[in-house]
Amino acid sequence: MSGHASTPLLAGVDIGSTHCKALLTDLSGTVVARAQRDTPRDTAGHTHPAGELLGAALDTLASCVRQAGRAPAAVGLTGMAEAGALLAPDGRTLTPVLAWSDPAPASQADRLRTTHGALALHARTGVLPSAKVPLAKWCALAAEHPEVRAGAAAWAGAVDLVAHALTGSLGTDATFAQRTLAWNPHTGSWQPDLLAEAGLTEDHMPPVHRPGRPVGRVTADAAAATGLKAGTPVVVAGHDHLVGAWAAGVRTAGQVADSMGTAEAVLTVSTDAPDAAAAARQGMSFGRHVDGSHWIVLAGMRSSGALVEWFCDQYLGLAGRPGTERYEAFARLVAAAPDGPTGLLFAPYPDGRSSPCPDPEAHCDILGLRPRHGLAHLARALLEGAAHHVRWMTDTQAALTGRPPAFVTLLGGSTRQHTWTALKAAVSPWPTRVCHEPEAPALGAAAWSGAALGHDPAALRATATELVPEPDTAHAYRAEHRRRFLPYVTAPAVRGAERAHDR
């Protein structure tokens, strides 16, 4: 048994697009059990089998209970936004879990943009129309599978499905609702006219609970399957990027989180919502933070860790090898390159750029290649380009919120690439910290589950270490950012932004 039996434990589960992860922690933040399973996907990668996804998530939780030798007093859930499924009146899933990354609903997003205007939709909902938003998915189902849509009683996000499996009750959090393109974060309400575009009403939407309020309590059947105690409160803590940021201490105005994974997200906390039109032109969304009072500005980089995976597959011949093996090989290669700028300029946009200055025609470019450059230089240049881009996103958010970063906290699986985190500290003129907890979203979910028991969710926080770059290296990278990276990426991008959003 781990931990003192008289000390209550809190559980956090993170249902991600690549992995489902769980942990148990005591009230001081000491983690006593961890588990991870692959998130099941179909062969095309555009859906998750609902039963298998639930099985993976619940199995991580059950594994943690077995490791600890006792059950937690509360369970918190976090995970990917935009993914979800339609439910029948009896709670069965009528569709697989539709992945956020599915490009198929793009035509419906275009129709919504034409009908309502991208800027107008963004001002109301904080989100720009795109293929990944649930409203576009619902419209696609209504157009292509009207019988499925007609038989649906409810929509449940991926995390909501896990809560439903544990409690028999359906509910969600505002940070998930505000990713649907059908929720107004200013008023905290669903938008009937937008739901009507897909033939849905507010009755189809899960109840949106205030931060820390339980969706329900663990049923006897779920307790038997997981080792939890019947009656344990279950809290949907919210969107994983925001919940992870909260756990890492990014909670008040001017604080910034850089969530590094397969994709990358940068969010800045503010006291007020940003100018909506200005944020839209930069391809950035906004909404409430997990505490329900602060606001956040959010920007995404679709290919972050995915760039490393692509490099390992295409240039190192490691396709199909275990992820740990691939990342270790990449880290060894990068370490073989000299410290300091490579002299290469890498634009990290294999699938276009969503933010800042959105440009769907942007792509990967490598400039400055010389005979002295080898494979190690190319690998390091990839990390340089990604680091430069994240600084650009952060600077743009500072302009939108009117406040320079107090500090930026790096979190997520890619922080294990120490060269990458060192590059970010060198490129950026603000203090840069690395969160020590590798599963910050799960820890944040556990913290918010404690609110159901009367514990302060702000009392549980992951530790972090500040990175201090070598001065000459930092000077060289910051000069590169101003003189080479920004002039190159902004020259063609403004036209793309105008094409995408001035409609």
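1. Buried means under 20% relative accessible area, and exposed means over 50%. This cut-off is needed for several points below. The model is predicted, and the points that follow should be read with that in mind.

2. Strand β16 covers residues 264-270, and seven of its seven residues are buried, so the strand is largely enclosed by the rest of the structure. Glu264, Val266, Thr268 and Ser270 point one way from β16. Ala265, Leu267 and Val269 point the other way. Both sets of side chains are buried.

3. What lies beside β16? On one side, strand β15 (residues 255-260) is joined to β16 by five bridges, and the two run antiparallel. Val256 stands opposite Thr268 in this pairing. The connection from β15 to β16 is a hairpin of three residues. Strand β18 (residues 295-301) also pairs with β16, in the antiparallel sense, over seven bridges. Here Val266 has Ala299 of β18 as its bridge partner.

4. These strands belong to an open sheet of seven strands, ordered β17-β18-β16-β15-β21-β22-β23, with mixed pairing. Strands β17 (285-288) and β23 (464-467) are at the edges, each pairing on one side only. From one strand to the next, the twist averages 25 degrees. The parallel sense appears between β15 and β21, which pair over five bridges. In that pair, Asp258 has Leu410 of β21 as its bridge partner.

5. Which helix lies across β15, β16, β17, β18 and β21? Helix α10, residues 240-247, does, and it runs at about 60 degrees to β16.

6. Ser414 is in the loop between β21 (407-411) and α15 (418-427). Is Ser414 buried or exposed? Its relative accessibility is 5%, so Ser414 counts as buried. Leaving aside residues up to four places away in sequence, Ser414 touches Met260, Gly261, Gly305 and Trp420.

7. How many disulfides does the structure hold? The number is zero. For Cys357, which is in no disulfide, the nearest cysteine sulfur is that of Cys364, 18 Å away. A disulfide requires two cysteine sulfur atoms within 2.5 Å. Cys357 is buried, at a relative accessible area of 12%. Cys435 is likewise in no disulfide, and the nearest cysteine sulfur, that of Cys64, is 18 Å away. Cys435 is buried too, with a relative accessible area of 5%.

Methods. Residues numbered from 1 in each chain as written. Predicted model: local features only at pLDDT ≥ 70, side-chain atom pairs only at ≥ 80, totals over all residues. Heavy atoms only, no water. Buried < 20%, exposed > 50% of the residue type's maximum accessible area, 1.4 Å probe, protein only. Helix = DSSP H or I, 4+ residues; strand = E, 2+ residues; numbered from the N terminus. Pairing = 2+ DSSP bridges. Contact = heavy atoms within 4.5 Å. Axes fitted to C-alpha atoms, helices over the stretch in contact; angles between N-to-C directions.
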